Amino acid sequence: MTKLKNKLYQGVLFFGDVFLFVISVYLTYILRNQETYAPFLYIVGLFSPVLVFIVVAYFIATLYEVPPLTTTIARVKLITQLHVAALVFGITIFYIFPMDGFTPKVTLALQMGIYTILQIVWRVYSSHYIRTKKKTRALLIGEGADYVELKKAINENPHSSVVFVDHVEVSSSLLTTGT
């Protein structure tokens, strides 16, 4: 069942990424040209090599896997680095192979800026949602007031991916019997 959930999670992330890319391209066109009508398929088609680069880069960087317990800052940094690389790739592609005489320096930079912001919000939210909904059950071993305080702090933290289901005191007979 976990394998199925992981595949579902990967699919949701992939389609969310594509959807946000299309939205960012459309928003960029509207902002850049001050028009509400845009030749939708034509514009998305122009930027599709950049989307393919991003998807491949995300797969290589394992951003389609269930997120580990990395910091949000590390995830944001990785996404930003990948988008800078995609921007450089896009500029290179548009200069080597201009499409209909179209070499969008500013448009591509604006689109990547919008897409990066949307992606960071999307990825941090989805990562947080997955991590906090699926908590790892753990056993806490210790003694004194410190371990009780630790158990309470971890169990009440909504950002924690661990929940202590039980505890054993070090001086407990469970640990000393049979020795």
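Here is a walk through this structure, from the overall fold down to a few individual side chains. Keep in mind that the model is predicted.

Start with the big picture. The protein chain has six helices and two strands, and if you trace it from one end to the other you meet them in the order α-α-α-α-β-α-β-α. Of the 179 residues in the chain, 32% are buried. Sequence neighbours don't tell the whole story here: take the contacts between residues at least 6 apart in sequence, and 73% of them join residues at least 24 apart. As for the outside, about 11300 Å² of the protein chain is exposed, with carbon and sulfur atoms supplying 69% of that area.

Now zoom in on helix 3, which covers residues 72–96. Its 25 residues span 36 Å from the first C-alpha to the last, close to the 36 Å expected at 1.5 Å a residue. Several of its residues are buried, among them Arg75, Ile79, Leu82, His83 and Ala86. Further along helix 3, Gly90, Ile93 and Phe94 are buried too. It helps to remember that an α-helix has 3.6 residues a turn, so residues three or four places apart point the same way.

What does helix 3 pack against? One partner is helix 2 (residues 40–60): the two axes come within 9 Å and cross at roughly 145 degrees, and the crossing is right-handed. On the helix 2 side, the residues that meet helix 3 include Leu46, Phe47, Val50, Phe53, Ile54 and Tyr58. On the helix 3 side, the contacts include Ile79, Leu82, His83, Ala86, Phe89 and Phe94. Look back at the buried residues of helix 3 and you'll find Ile79, Leu82, His83, Ala86 and Phe94 there as well.

Next, the charged side chains. How many salt bridges does a search of the whole structure find? It finds one. The pair is arginine 123 and aspartate 17, whose side chains meet at 2.6 Å, N to O. They link distant parts of the chain, with arginine 123 in helix 4 (residues 105–133) and aspartate 17 in helix 1 (residues 2–33), 106 residues apart. Are these two buried or exposed? Arginine 123 has 2% relative accessibility, so it counts as buried. Aspartate 17 has 1%, so it counts as buried as well.

Finally, stay with helix 1 for one more residue, glutamine 10. Its relative accessible area is 17%, so glutamine 10 is buried, the cut-off being under 20%. Leaving out residues up to four places away in sequence, glutamine 10 touches Tyr64 and Glu65.

Note on methods: Residues are numbered from 1 along each chain as its sequence is written. This is a predicted model: local features need pLDDT of at least 70, side-chain atom pairs count only at pLDDT 80 or more; totals for chains, interfaces and linings use all residues. Side-chain values use heavy atoms; hydrogens and water are left out. A salt bridge is a side-chain nitrogen of Lys or Arg within 4 Å of a carboxyl oxygen of Asp or Glu. Helices (H or I, at least four residues) and strands (E, at least two) are DSSP runs, numbered from the N terminus. Buried means under 20% relative accessible area, exposed over 50%, partly exposed in between (1.4 Å probe, protein chains only). Contact means heavy atoms within 4.5 Å. Accessible areas come from the Shrake-Rupley method with a 1.4 Å probe; for residues, only the protein chains shown count as cover. The expected span of a helix is 1.5 Å times one less than its number of residues. Axes are lines fitted to C-alpha atoms, for helices over the stretch in contact, and angles run from 0 to 180 degrees between N-to-C directions. A crossing is left-handed if the near helix is turned anticlockwise from the far one by less than a right angle, and right-handed if clockwise.
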